[in-house]
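Please look over the structure shown here before reading on. The paragraphs that follow go through charged pairs, aromatic rings and one helix packing.

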Amino acid sequence: ITPLQAELAEKVPMTDDLCVEADSGGHTDRGVFHALFPVMRRLRDSFAQESGTTGPVCVGAAGGLGTPESIAAAFILGADFVLTGSINQCTVEAGTSDAVKDLLQGAHVQDTDVVPAGDAFEVGGKVQVFRKGLLFPARAKKLYELYRQFHSLEQIDAQTRHQIESRYFKRSFAEVYAETKAYYAQVMPEMIERAERDEKHKMALIFRWYFVHTNRLALSGDPADKVDYQIHCGPALGAFNQWARRTRFESWRERHVDEMAENLMAGAAAVLDDRLTALWESSAGDAKQEAAPFYAVG
């Protein structure tokens with residue numbers, strides 16, 4: 001870099017915007033937004049003060065945002081912008097299947113579960129998914145329990161093995177491994193080389209196949225495979241569904257992401273206006289009541 005660039009690097013932030021993600025659909029650490037966000041915002045302020053950088057670094061909010069009230073709360077906490085996620089899964093523009101959208105349209109806030117993440121299976125990564133009427137969450141947890149309990153596929157008892165092959169995978173472990181082997185041979189051959197040496201790693205690759213497979217099932221929307229759909233989703237969608245009842249947004253076929261965003265932001269502005277007006281009137285009334293004796297004496 002040039003001397004000028006080196007000088008500017010001490011003053012100009014390396015980012016323009018940061019987004020603080022709380023408990024969300026998909027990959028999640030189950031963060032509590034009202035605890036997490038103020039800390040991150042103070043970190044932004046302290047780093048800016050210590051480094052002497054110029055220009056604002058905006059801090060936004062994501063995770064759990066599906067109603068005007070939740071978005072208003074994010075702005076009250078100081079968010080510079082908001083980002084929705086789960087609610088966009090159930091829109092015309094979403095790339096998932098109509099069958100999945102039909103399921104999500106009926107979601108409530110309690111209809112999610114946290115399960116092992118397929119792409120971070122060995123290290124215990126978590127994703128939040130839709131669970132109502134589906135067997136995927138229970139099956140995903142079962143596979144992870146088996147992975148932690150055993151060191152190879154051969155250690156799994158015959159009954160459990162038959163259950164996984166016939167009900168979960170609908171094919172044998174050998175068939176799954178052949179498909180997995182063919183894929184990794186093209187992109188990461190070292191994964192297969194390790195699997196040939198390490199039986200536990202081989203088991204992990206075979207179990208991880210199920211998570212890829214269930215994603216594909218959700219995208220294709222075959223009704224015969226409905227119980228195995230893997231649908232990343234957080235409770236924000238359930239909250240949105242309740243807010244959208246008896247409106248044109250009740251049907252996902254009327255949900256367009258741009259129109260939803262406009263209505264949610266307008267709704268958040270109305271919530272803020274109502275709350276601030278109520279607080280102002282309440283505080284003004286209390287002040288007048290406290291001062292009443294003095295007015296009477298006068």
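**Charges, rings and a helix pair**

At 40% relative accessibility, Asp 80 counts as partly exposed. The model is a predicted one, and a search of the whole of it finds 15 salt bridges. Side chains of opposite charge can pair when their charged atoms come close. Asp 80 takes part in such a pair with Arg 44, where the closest N and O atoms are 3.9 Å apart. This salt bridge links distant parts of the chain, since Asp 80 sits in the loop between helix 3 (68–76) and strand 4 (82–83) while Arg 44 belongs to helix 2 (residues 33–51), 36 residues apart.

Arg 44 also meets the side chain of Asp 45 in a salt bridge, at 2.6 Å from N to O. Is Arg 44 buried or exposed? Its relative accessibility is 18%, and the cut-off for buried is under 20%, so Arg 44 counts as buried. Asp 45, in contrast, is partly exposed, with a relative accessible area of 36%.

A further salt bridge joins the side chains of Arg 208 and Glu 122, at 3.3 Å from N to O. Here too the pair links distant parts of the chain: Arg 208 is in helix 9 (residues 199–220), and Glu 122 is in the loop between strand 5 and strand 6, 86 residues apart. Arg 208 is buried because its relative accessible area is 17%, whereas Glu 122, at 27% relative accessibility, counts as partly exposed. To return to the earlier residues, salt bridges that share partners join Arg 44, Asp 45 and Asp 80 into one network.

What surrounds Arg 208, apart from its neighbours within four places in sequence? Arg 208 is in contact with Gly 118, Asp 119, Phe 121, Glu 122, Tyr 184 and Met 191. Glu 122 in this list is the salt-bridge partner already described, and Phe 121 leads on to the aromatic rings.

With ring centres required to lie within 6.5 Å, the count comes to 15 aromatic pairs. One of them is formed by Phe 121 and Tyr 144, an edge-to-face pair with 5.5 Å from centre to centre and 85° between the planes. Phe 121 lies in the loop between strand 5 (112–116) and strand 6 (126–130), and Tyr 144 lies in helix 5 (residues 136–149), so that the pair links distant parts of the chain, 23 residues apart. Both Phe 121 and Tyr 144 are buried. They belong to one aromatic cluster, whose other members are Phe 136, Tyr 147, Tyr 168, Phe 169, Phe 173, Phe 207, Trp 209, Tyr 210 and Phe 211.

Charged side chains also lie over rings. Lys 200 is placed over the face of Tyr 147, a member of that cluster, at 4.2 Å from the ring centre. Lys 202 lies over the face of Tyr 177, at 4.5 Å from the ring centre.

Helix 5, which holds Tyr 144, also packs against another helix. Two packed helices are described by the angle between their axes and the distance between the axes. The axes of helix 5 and helix 6 (residues 158–169) come within 12 Å and cross at roughly 145°, and the crossing is left-handed. On the side of helix 5, the contact is made by Arg 139, Lys 142, Leu 143 and Leu 146. Helix 6 contributes Thr 160, Ile 164, Arg 167, Tyr 168 and Phe 169. Of these, Tyr 168 and Phe 169 are also in the aromatic cluster.

Notes: Residues numbered from 1 in each chain as written. Predicted model: local features only at pLDDT ≥ 70, side-chain atom pairs only at ≥ 80, totals over all residues. Heavy atoms only, no water. Phe/Tyr/Trp six-rings, centres within 6.5 Å; stacked < 30°, edge-to-face > 60°. Helix = DSSP H or I, 4+ residues; strand = E, 2+ residues; numbered from the N terminus. Buried < 20%, exposed > 50% of the residue type's maximum accessible area, 1.4 Å probe, protein only. Lys NZ or Arg CZ within 6 Å of the ring centre and 35° of its normal. Salt bridge = Lys/Arg side-chain N within 4 Å of Asp/Glu carboxyl O. Axes fitted to C-alpha atoms, helices over the stretch in contact; angles between N-to-C directions. Left-handed = near helix turned anticlockwise from the far one by under 90°. Contact = heavy atoms within 4.5 Å.
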